[in-house]
Amino acid sequence: MKIASDFSELEYLRRLRLSDERAFDALFRHYSALVYRFAFSYLKSRPVAEEIVQECFIKIWEKREQVRDDQPLKSYLFTIAHHAVLNELRRDQHHLRLQGQVAAGRPESVTNEAEYEEMENLYQAALEQLPPKQREVFVLSRQQGLTYPEIAEMQGLSVKTVEAHIARALKTMRSYLRLHGGGILGMLLAWMLEKH
């Protein structure tokens, strides 16, 4: 839904600076699809593109008092989205390097059996934080390599529901790993949570 033509973006930005949630909602509805298409065009992942949209608008809300009248919000949003996409692409390259090490046997960084076991235990503990259906969908996708449509058919769910399960599972597991997985082990586990 677009911003009404008789109510300017400038007015919405002024109201946003005053913490007007309705103005924020109107701006979100006006621009979120554009940011999503931009992120998806580079990342080819719906859940990650949706996360970037959320990240962009969270930053807009957090910095609402600093939003300027002389800079179109669209430009500001796309600057934030551009940085977020670049960060995600850098993360992907890192994950691919780690995946190559894992495919060759075991990550070079995991120097002994104890570290490898600790990494596996941390991953399983993060997995256990998920509700049963979410965990089942996540395992089918990330560990068994099934596509979202395949999982949807197997589980009697819509593809959108599968995507929602995966997005929530990723968020929960990332939060868990941030809290419990410091250092190299948390970094090594990050690649397990992505599939491109």
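**Exercise 1.** Where is Ser19 found? Then work out what its phi looks like and how exposed Ser19 is.

*Solution.* Keep in mind that you're looking at a predicted model.
- Step 1: Go to the loop between helix 1 (9–17) and helix 2 (21–43), and there you'll find Ser19.
- Step 2: Check the backbone. Ser19 isn't a glycine, yet its phi is positive, about 65 degrees. As background, most residues other than glycine have a negative phi.
- Step 3: Check the surface. Ser19 has a relative accessible area of 30%. Buried would need under 20% and exposed over 50%, so Ser19 is partly exposed.

**Exercise 2.** Find Lys44 and decide: is Lys44 buried or exposed?

*Solution.*
- Step 1: Move along to the loop between helix 2 and helix 3 (46–62), where Lys44 lies.
- Step 2: Look at phi. For Lys44 the value is positive, near 55 degrees, and this residue is not a glycine either.
- Step 3: Compare with the cut-off for exposed, over 50%. Lys44 has 59% relative accessibility, so Lys44 counts as exposed.

**Exercise 3.** Which residues of helix 7 are buried, and why do they sit on the same side of helix 7?

*Solution.*
- Step 1: Scan helix 7, residues 148–155, and pick out the buried ones: Tyr148, Ile151, Ala152 and Gln155.
- Step 2: These residues cover an arc of only 100 degrees around the axis, so they end up on the same side of helix 7.
- Step 3: Recall the general rule: an α-helix has 3.6 residues a turn, so residues three or four places apart point the same way.
- Step 4: Now flip to the other side of helix 7, where Glu153 and Met154 are exposed.
- Step 5: Step just past helix 7 and you'll meet Gly156, with a positive phi of about 70 degrees.

Conventions
Residues numbered from 1 in each chain as written. Predicted model: local features only at pLDDT ≥ 70, side-chain atom pairs only at ≥ 80, totals over all residues. Heavy atoms only, no water. Buried < 20%, exposed > 50% of the residue type's maximum accessible area, 1.4 Å probe, protein only. Helix = DSSP H or I, 4+ residues; strand = E, 2+ residues; numbered from the N terminus. Arc of directions from axis to C-beta.
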